[in-house]
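Please open the structure in your viewer and keep the selection panel at hand. The stops below go from one selection to the next, and each says what to look for there.

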Amino acid sequence: MLLDELEPGTDPLGPENRLCFMLGPLTGFAPGTSRYAVVTKSPLTGAFVDSYSGGHFPTMLRWALPDHLGIVFEGKADEPVSLHVTDDGVTIEDATDLWGLDTKETAERFEGNKTKTAAIGPAGENLVRYATISSDEGTHHAGRGGVGAVMGSKNLKAVVATAGGPPEAPDVRDLRVEHTQRLGTSEEVSWARNGGTQLVVDWTQEIGALPTHNWTRGRIEDADDLNIEAFSSGHVDTDSCYSCPVACGHVTDFSESDVDGAFEDASVDWGPEYETIGLMGANTDITDVTAVTELATRADTLGMDTISLGNALSWVMECVEAGLLEYDIDWGDAEAAARLIEEIAHREGIGDALAEGTAVAAERLCDGDQRAREAAVEVKGMELPAYEPRASFGMALAYATSDRGACHQRAWPIGSDAMGGERDPYDTAGHAAVVVDEQDERALTYSMVTCDFTAYNYDRVAEWLNALGYDVDAAELETVGERAWNLARLFNVREGFDRSDDELPERMKRPLERGGPADGNQITEEAFETMLTEYYELRGWTNDGEPTPETLERLDLAEFGSA
């Protein structure tokens, strides 16, 4: 759709950009599929981006639109509006009185048992380039790439979905029961049931992959300050997306606990998740669980991606320490971090430049000083998630080749090298093949709009699609995933991306400190280029990173070769 309908060079925040709310064929009918994808051209990177979110909103939207798989927004409203989708039809309503509200306040205007919203907060309204779209009273977020800024650029405050109940659907009860029971008992997803992503803190700490002190160290002083046990005093409940037995969400509230901290009444309705803990906690040297919880809540309600935001906070701390920037903040200063979050969301003071992302902030606030530029740890303009690539060379390649910028959800090879022991995490051998395979499978399962915590793979997807009346097998679906990955690459190539954009941050070429087994590691230019060249060869791309005519012909994509 983006290839067909956008002119090359379209301004992501201009009215010509498309904002697509996309559902999958299983949304609202199968466990682990109450999700939607927001697809657009990213204002943070200028590349293709699809950002996913769960909860109950996707199911309400699907039930209200049983014959459609999405909504596409184009143009720009003259004044703030909201879109209302019900069993009776679709209306556009004035939302002037909602403009300025945070995501939770907006949701509270509408939400009930049968009504759910997806809304932006002040960050989206102010076009922060990593603004999110938040649903279910601000508990779930389409988080990466600035999809909330695109929504704000269209003066669209909220999408409100109301449905009386599920529409008629194929009889898949037996398969749904079987899959639900598996998710509720299987070892495959037991980690998600038994703790969720908060468990990951101890995993990355052990292998030296927990980003600390703005990506200079691989371990914090004491992981017990930020791991799942540290948050347990504030854990009051679990939560789940619609019809999901995994229930991986934490409800955290320290107001009744005996934990001492800077924000003793801090609470968050879902989380904090690992990425938030790693980047707004460890990477800023903030090891107060009440503070991390408070920072997470502020990000959620203002509507900002905690990955990019955490990187922005640590970037400021480093630049202030180095004398490159004047701002009243120190390492580990949670109260100053909370203040800075508000300033970024409202584009006040240095927050205006930080709202553009750390790469732009380095140019605007520090005149492009090389030290400031190195401190901005990003790929294609998107800041790194909380997995230190010097502890897993496979993650380095995954970050560099991700279509939407640094991303851990396109491929997660750290699980089978540094954590799984199947490959040497500090060598170049074998990583390219794993990254290619995982990217293709994720492209397929995310096209289905399924949750990657719920054990969907080629075989499982084929089983479900055939139950819905399709006729596919796993091998065909592998090709579908590869086609999707190549189409996204073609979009980025058309927008001017090439091999020079598939690169690692300069910081990764320097030795890692306090990295445990990864201590002293660095990824040399030679090692990285070896992996990237092998990756391109396996993909069937040119040395500059463009799919060859032969590859496009094999994948039945030849018509897009000159797009």
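Is R460 buried or exposed, and what is its relative accessible area? R460 is buried, with a relative accessible area of 12%. Before going further, bear in mind that this is a predicted model, and read each stop with that in mind.

**Stop 1: a salt bridge from R460**

Keep R460 selected and add E178, since the side chains of these two residues meet in a salt bridge, with 3.5 Å from N to O. E178 lies in helix 6 (residues 173–185) and R460 in helix 19 (residues 458–467), so the pair ties together parts of the chain that are 282 residues apart in sequence. On the E178 side the relative accessible area is 30%, so this residue is classed as partly exposed, whereas R460, as said above, is buried.

**Stop 2: D305 and R144**

Next, select D305 and R144, which form a salt bridge whose closest N and O atoms are 3.1 Å apart. This pair links distant parts of the chain, with D305 in the loop between helix 11 (289–302) and helix 12 (306–321), and R144 in the loop between strand 9 (140–142) and helix 5 (147–153), the two being 161 residues apart. Both D305 and R144 are buried.

**Stop 3: within helix 11**

Move to E294 and R298, whose side chains meet in a salt bridge of 2.7 Å, N to O. Both residues lie in helix 11, four residues apart, which is about one turn of the helix. E294 is buried at 15% relative accessible area, while R298 counts as partly exposed at 22% relative accessibility. Then select R129, R347, D352 and E356, which are joined into one network by salt bridges that share partners. Over the structure, the count of salt bridges comes to 35.

**Stop 4: a negative patch on the surface**

Switch to a surface view and select D202, E206, D222, D224, D225 and E229, which together form a negative surface patch. One of these residues, D202, has its place in helix 8 (residues 200–207), and with 33% relative accessibility D202 counts as partly exposed.

**Stop 5: cysteines without a disulfide**

How many disulfides does the count come to? The count comes to zero, and two cysteines are worth selecting to see why. Begin with C319, for which the closest cysteine sulfur is the one in C366; the two sulfurs are 4.4 Å apart, which is too far for a bond, because a disulfide requires a pair of cysteine sulfur atoms within 2.5 Å. C319 is buried, with a relative accessible area of 1%. Continue with C451, whose sulfur is 6.3 Å from the closest cysteine sulfur, in C248, and this too is too far for a bond. C451 also counts as buried, at 15% relative accessibility.

**Stop 6: backbone geometry**

For the next selections, display the backbone atoms. As background, most residues other than glycine have a negative phi, and most peptide bonds are trans. Select G271 and P272, where the peptide bond from the former to the latter is cis, with omega near -5 degrees; P272 has its place in the loop between strand 13 (267–268) and helix 10 (274–281).

Then select E137, a residue other than glycine whose phi is positive, near 55 degrees. E137 is placed in the loop between strand 8 (133–135) and strand 9, and is partly exposed, with a relative accessible area of 30%. Follow with S243, which is not a glycine either and has a positive phi of about 55 degrees. S243 is found in the loop between strand 11 (235–239) and strand 12 (249–253), where its relative accessible area of 36% makes it partly exposed.

**Stop 7: H56 and S34**

Finally, select H56, which lies in the loop between strand 3 (48–53) and helix 2 (57–64) and counts as partly exposed at 29% relative accessibility. How many residues apart in sequence are H56 and S34, and what is the distance from C-alpha to C-alpha? H56 and S34 are 22 residues apart in sequence, and their C-alpha atoms are 6.4 Å apart in space.

How values were computed. Residues are numbered from 1 along each chain as its sequence is written. This is a predicted model: local features need pLDDT of at least 70, side-chain atom pairs count only at pLDDT 80 or more; totals for chains, interfaces and linings use all residues. Side-chain values use heavy atoms; hydrogens and water are left out. Buried means under 20% relative accessible area, exposed over 50%, partly exposed in between (1.4 Å probe, protein chains only). Patches are made of residues with over 30% relative accessible area and no salt bridge: like charges are joined within 9 Å, nonpolar side chains (Val, Leu, Ile, Met, Phe, Trp, Tyr) within 5 Å. Accessible areas come from the Shrake-Rupley method with a 1.4 Å probe; for residues, only the protein chains shown count as cover. A salt bridge is a side-chain nitrogen of Lys or Arg within 4 Å of a carboxyl oxygen of Asp or Glu. Lys and Arg count as positive and Asp and Glu as negative; His and the chain ends are not counted. The place of a charge is taken as NZ of Lys, CZ of Arg, CG of Asp or CD of Glu.
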